[in-house]
Amino acid sequence: MVFLPSQTPNAAQLEDTFRHKGLRKKLIDEIRSKGISDEHVLRAMNSVPRHLFMDNSFVGFAYVDKAFPISAGQTISQPYTVAFQTEALQIKKTDKVLEVGTGSGYQAAVLCEMGVSLFTIERQRSLFDFASVLLPKLGYHPQFFYGDGYLGLPTYGPFDKIIVTAGADTVPPKLKEQLAIGGRMVIPVGNRQYQVMKIIVRVGENEYSERETGNFVFVPMLHGIADQK
Ligand code: SAH
């Protein structure tokens, strides 16, 4: 089930058919009925062809509201979760955003579709390679980084928004430091079984507000970069 950069779809395979669009519209209606109301988020998700981000074995399920396996034992987030985190970020077009956990690149594409300036980090080489080839082909141009998201990107901060798409054991202090004053971080924190979605706002230089929303299940946020094979 490992997809390699060489298997990244070529231009002819980047098809988004009438059928895909129909299924996607239904998925968006389902997500709306589950409580997502930000039409900017829903519109962006309606524009991004999720089937192009899936592993070949699961491509038929691209418009089912579930997480699915991708390469390196990771998952593409559930569409509802992508919508929930994106809505919680309160995205503005002018935002500079840091994403930890590029994975398939799907969440990154949704953020780019919303017009933000995006920096995204991944610690698995095969996923970094896959996403950094696919997204530009779809017209999305975030800056890709291969590294450890616990460290953030100190030279590129501060960020207006930070989204973490893997389950962290604690809120990484370096990410808090890289939040702009008035900036907002959305991060799942917990153990391997489940995590609580935290919304952290940097209210002042040394002052943060923190609120907890629902429970979610993410693959773990791990330290360091994965061993290269
Ligand atoms: N946003 C992705 C979700 C992928 S799952 C998507 O839309 O598909 C979470 C990803 O976080 C995995 O690819 C995993 O390798 C990555 N990850 C885990 N710990 C990390 C870390 N410390 N730094 C960067 N990426 C990390």
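Start with the side chain of Glu99: one of its N or O atoms sits 3.1 Å from a nitrogen atom of the ligand. Keep in mind as you look around that this is a predicted model. Thr165 does something similar, with a side-chain N or O atom 3.2 Å from a ligand nitrogen. Arg123 joins in through its backbone instead, where an N or O atom lies 3.5 Å from a nitrogen atom of the ligand. So much for the polar partners; how much of the ligand does the protein bury? On its own the ligand would expose 580 Å², and 99% of that is buried by the protein.

Where does the ligand sit? The space it takes up is the largest pocket. Several elements give two or more residues to the shell around it: strands S2 (75-76), S3 (96-100) and S4 (117-122), plus helix H4 (106-113). If you go back to Glu99 with those ranges in mind, you'll find its number within S3 (96-100).

Now step back and take in the shell as a whole. How many residues surround the ligand? There are 27, and the closest are Gly101, Ser104, Glu122, Gly149 and Leu222. Sorted by class, the shell holds twelve polar residues, eleven nonpolar ones and four charged ones.

Away from the ligand shell as a topic, a few spots in the backbone deserve a look. One is the peptide bond from Gly157 to Pro158, which is cis, with omega near -5 degrees. To find Pro158, follow the chain into the loop between strand S5 (143-146) and strand S6 (159-164).

Then there's Ala72, a residue other than glycine whose phi is nonetheless positive, near 60 degrees. You'll come across Ala72 in the loop between strand S1 (68-69) and S2. Is Ala72 buried, partly exposed or exposed? Its relative accessibility is 28%, so Ala72 counts as partly exposed, given that this class runs between the 20% and 50% cut-offs.

Gln90 is another one to check: it isn't a glycine either, yet its phi is positive at about 50 degrees. Where does Gln90 sit? Look in the loop between helix H3 (79-89) and S3. With a relative accessibility of 47%, Gln90 counts as partly exposed too, because its value is still below the 50% cut-off for exposed.

Key
Residues are numbered from 1 along each chain as its sequence is written. This is a predicted model: local features need pLDDT of at least 70, side-chain atom pairs count only at pLDDT 80 or more; totals for chains, interfaces and linings use all residues. Side-chain values use heavy atoms; hydrogens and water are left out. A residue is near a molecule or strand if one of its heavy atoms lies within 4 Å of it. A polar contact is a pair of N or O atoms within 3.5 Å; within protein, one must be able to donate a hydrogen and the other to accept it, and residues adjacent in sequence count only if both atoms are side-chain atoms. Accessible areas come from the Shrake-Rupley method with a 1.4 Å probe; for residues, only the protein chains shown count as cover. On a 1 Å grid over the protein atoms alone, a cavity is a set of points where a 1.4 Å probe fits but cannot get out, and a pocket is an open set with protein on both sides within 12 Å along at least five of seven lines; lining residues have an atom within 4 Å of a point. A molecule sits in a cavity or pocket if more than half of its atoms lie within 2 Å of its grid points. Helices (H or I, at least four residues) and strands (E, at least two) are DSSP runs, numbered from the N terminus. Ala, Val, Leu, Ile, Met, Phe, Trp, Tyr, Cys and Pro count as nonpolar, Asp, Glu, Lys and Arg as charged, and the others, Gly among them, as polar. Buried means under 20% relative accessible area, exposed over 50%, partly exposed in between (1.4 Å probe, protein chains only).
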